[in-house]
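Here's a quick walk through one structure, taken a piece at a time. Have the view open as you read.

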Amino acid sequence: MITIDIAIHDQNWPDEQLLEKLATQIVQVTTLHLEMQDVVSELSLVLTDDAEICRLNTQWRHENKVTNVLAFSAFSIKAGERPGPMLGDIILAREILEREVREQEKSFNNHFTHLFIHGLLHLLGYDHSDDCNAEIMENLERKIMDTLSLTDKRRDCR
């Protein structure tokens, strides 16, 4: 089981209990797809705003811009490897997420789910650094979304 510790840095996020329930379901389905249901680990989910995620993106990725999701692994692992006791941090920015929901005509829960899956796969060693890896990661995202009975009408949300 992967435990999720949620930190809310922006009080305008929807109900924490709802998001925790959604994140827990996402982790369960993702680990099932990756045959890692027996993994014991922990991750941190930080729910923040555009200003904080921009600062973090500038500090750690040297990109002075807002992004919807950042993922920082506690330990470097390759896709398919079993993680250690701490996965790392997934950080989501509310304002850009809400803008993308409006612009891409998605539901908040679907987009939150897609971004959380994306961050979780990064923590589990997946990346989209080249076309082959991007295809693998996107196919996993799609399969997990399908299992959760969610559709992601547009895939270009990173």
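What follows covers the sheet, the helices on it, and the spaces in the model.

## The sheet

First things first: this is a predicted model. Its sheet is an open one, built from four strands in the order β1-β2-β4-β3, and the pairing is mixed. β1 and β3 sit at the edges with a single partner strand each, so each has one side left without a neighbour in the sheet. On average, neighbouring strands are turned by 20 degrees against each other, if you ignore direction.

Move inward and you'll find β2 and β4, which run in the parallel sense and pair over six bridges. To get your bearings there, look for S44, which stands opposite D89 in β4.

## Helices on the sheet

Two helices are worth following over the strands. α1 (16-33) lies across β1 and β2, and it runs at about 150 degrees to β1. α3 packs on the sheet as well, touching β2 and β4, and its direction makes about 55 degrees with that of β4.

## A closer look at α3

Which residues of α3 are buried? The helix spans residues 94-104, and the buried ones are R94, I96, L97, E100, V101 and Q104. An α-helix has 3.6 residues a turn, so residues three or four places apart point the same way. That's a handy thing to keep in mind as you scan the list.

What do those buried residues pack against? Their partners are β2 (41-48), α2 (50-61), β4 (88-93) and α4 (108-123), so to speak a mix of strands and helices. Just after α3, E105 takes a positive phi of about 50 degrees.

## The largest pocket

The largest pocket holds about 400 Å³ of space. It is lined by 16 residues, and the closest to its centre are R61, V69, H118, H122 and H128.

Where does the lining come from? α2, β3 (69-73) and α4 each supply at least two residues, and β3 gives the most, with three. By class, the lining of this pocket has four nonpolar, seven polar and five charged residues.

## The second largest pocket

Next comes the second largest pocket, with about 160 Å³ of space. Its lining is made up of M1, I2, T3, I4, E20, T24, V27, Q28, T31 and Q37. The elements that give two or more residues here are β1 (2-8) and α1, and α1 provides the largest share, five residues. So you meet β1 and α1 again: the helix lies across that strand, and both contribute to this pocket.

Sorted by class, the lining of the second largest pocket comes out as four nonpolar, five polar and one charged.

## An enclosed space

How many cavities of 30 Å³ or more does the structure hold? There's one, and the largest cavity has about 40 Å³ of space. To find it, pick out F75, I77, P83, G84, M86, L87 and L123, which line it.

Six of the residues lining the largest cavity are nonpolar, one is polar and none is charged. L123 belongs to that lining, and α4 (108-123) is also among the elements that supply at least two residues to the lining of the largest pocket.

Notes. Residues numbered from 1 in each chain as written. Predicted model: local features only at pLDDT ≥ 70, side-chain atom pairs only at ≥ 80, totals over all residues. Heavy atoms only, no water. Buried < 20%, exposed > 50% of the residue type's maximum accessible area, 1.4 Å probe, protein only. Contact = heavy atoms within 4.5 Å. 1 Å grid on protein atoms, 1.4 Å probe; cavity = no way out; pocket = protein on both sides within 12 Å on 5 of 7 lines; lining within 4 Å. Points joined across faces, edges and corners; volume = space filled by probe spheres on them. Nonpolar A, V, L, I, M, F, W, Y, C, P; charged D, E, K, R; others polar. Pairing = 2+ DSSP bridges. Axes fitted to C-alpha atoms, helices over the stretch in contact; angles between N-to-C directions.
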